[in-house]
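Me: Could you take a close look at one part of this protein for me and walk me through how that part sits in the rest? I'd like one connected answer, with the cut-offs spelled out as you go.

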Amino acid sequence: MKENILLDKSFAFAVRIVNLYKHLCDTKKEFVLSKQLLRSGTSIGANINESQDAQSTNDFISKLSISLKEARETKYWIELLQETDYLTEKEANNILEDIIEIIKLLVSIIKTTKVNNAK
């Protein structure tokens, strides 16, 4: 089976998000923002995974575009959690590096697929 870096990274990121959610609930007693983070952060990988069985190139692009939107939303929640002192700068920066990398991968794959589909 061929290695898929985006699938692997998005799954590992979802695991980190679940663990961060548990930490925020258990330690910080934060339940509202963390729930939003959990939803968007785990949705990224779910949509990427779903894109693997897309019915068409347009469906593939659509699924990855949803993942990209969820990734940007997740970045927002992480930044908000940092600014409201639920996450330290170090904690936030660590996970922000991961989501920024996923965003860059998604943008690149979407752009490349659109260009190749137009040919």
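Reply: Here is a walk through helix α1, starting from one of its residues and working outwards. Keep in mind that this is a predicted model, in which local features need pLDDT of at least 70 and side-chain atom pairs count only at pLDDT 80 or more, while totals for chains, interfaces and linings use all residues. Residues are numbered from 1 along each chain as its sequence is written, and side-chain values use heavy atoms, with hydrogens and water left out.

Let's start with Ser 10, which lies in helix α1, residues 5-26. (Helices are DSSP runs of H or I with at least four residues, strands are runs of E with at least two, and both are numbered from the N terminus.) Ser 10 has a relative accessible area of 2%, so it is buried. (Buried means under 20% relative accessible area, exposed over 50% and partly exposed in between, with a 1.4 Å probe and protein chains only.) If you set aside its neighbours within four places in sequence, Ser 10 is in contact with Ile 44, Gly 45, Ile 48 and Ile 102. (Contact means heavy atoms within 4.5 Å.)

Next comes the packing against α4. Helix α4 spans residues 89-118, and α1 packs with it at an angle of about 150 degrees, the axes being 11 Å apart. That angle makes the two helices roughly antiparallel. (Axes are lines fitted to C-alpha atoms, for helices over the stretch in contact, and angles run from 0 to 180 degrees between N-to-C directions; under 35 degrees counts as roughly parallel, over 145 as roughly antiparallel, 65 to 115 as roughly perpendicular and the rest as oblique.) The α1 and α4 crossing is left-handed. (That is the case if the near helix is turned anticlockwise from the far one by less than a right angle; clockwise would be right-handed.) On the α1 side, the residues that meet α4 include Ser 10 again, along with Phe 13, Ile 17 and Leu 20, and on the α4 side they include Ile 95, Ile 102 and Leu 105. By class, the residues of this contact divide into 11 nonpolar, three polar and five charged. (Ala, Val, Leu, Ile, Met, Phe, Trp, Tyr, Cys and Pro count as nonpolar, Asp, Glu, Lys and Arg as charged, and the others, Gly among them, as polar.)

Then there's α3, residues 57-83, which packs with α1 at about 35 degrees with the axes 13 Å apart. This crossing is left-handed too. Here Leu 6, Phe 13, Ile 17 and Leu 24 of α1 meet Leu 64, Thr 74, Ile 78 and Leu 81 of α3. The tally is seven nonpolar residues, one polar and no charged ones.

Past α1, the loop between α1 and α2 (32-51) holds Lys 29. Its phi is near 55 degrees, a positive value in a residue other than glycine. Most residues other than glycine have a negative phi. Lys 29 is exposed, with a relative accessible area of 55%.

Stepping back, the protein has four helices and zero strands, in the pattern α-α-α-α along the sequence. Buried residues make up 37% of its 119 residues. Among contacts between residues at least 6 apart in sequence, 72% join residues at least 24 apart. The C-alpha atoms fill a box of roughly 50 × 25 × 20 Å along the principal axes.
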